[in-house]
Amino acid sequence: YDLPEQRNTDGDIAARRSPMCHLCLSSYEDWEVGLEYWGLIDSVLQPLNLCVECYKQSLPSHVDTSKMNVRKLRPYRRRLYILMEYCDSTLEDAMKLRKENTR
């Protein structure tokens, strides 16, 4: 992840930390598994950033992790996602309207 610089209250530049696993505090890189595996961990852990090893350790002992397909994800940069059911128009429509109003 390319994280921007932030300035603290004194005006000094403070580097943002990269994401970390919530359990072991190691560096976190985004990944995914199928829903059939994701639902097996405790629901309290599901919204957290977990490294693959901590995720596997959180699974019940009867789960065979050798058959699990863990896919690394690349971060999506510069994308805007809008839940469209709450919008009256698309982003494209709003930009066209803004452009017309500024003429």
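In what order do the elements of the chain run from the N terminus on? The model is predicted, and in it the order is β-β-β-α-α-β-α. Counted by type, the chain has three helices and four strands. Read along the chain, then, three strands are followed by two helices, after which come one more strand and one more helix.

The next point is how the chain is packed and covered. It has 103 residues, and 16% of them count as buried. The accessible surface of the chain is about 9000 Å². Carbon and sulfur atoms account for 49% of that surface. Contacts can also be sorted by separation in sequence: taking those between residues at least 6 apart, 43% join residues at least 24 apart.

The cysteines remain. How many disulfides does the structure hold? The number is zero. Cysteine 24, for one, is in no disulfide, and the nearest cysteine sulfur to its own belongs to cysteine 54, at 3.7 Å. A disulfide requires the two sulfur atoms to be within 2.5 Å, so this pair does not count as one. Cysteine 51 is likewise in no disulfide. Its nearest cysteine sulfur is also that of cysteine 54, here 3.5 Å away.

Are cysteine 24 and cysteine 51 buried or exposed? Cysteine 24 has a relative accessibility of 40% and counts as partly exposed. Cysteine 51, at 12% relative accessibility, counts as buried, because the cut-off for buried is under 20%.

How values were computed
Residues numbered from 1 in each chain as written. Predicted model: local features only at pLDDT ≥ 70, side-chain atom pairs only at ≥ 80, totals over all residues. Heavy atoms only, no water. Buried < 20%, exposed > 50% of the residue type's maximum accessible area, 1.4 Å probe, protein only. Contact = heavy atoms within 4.5 Å. Areas by Shrake-Rupley, 256 points an atom, 1.4 Å probe, with all protein chains shown as cover.
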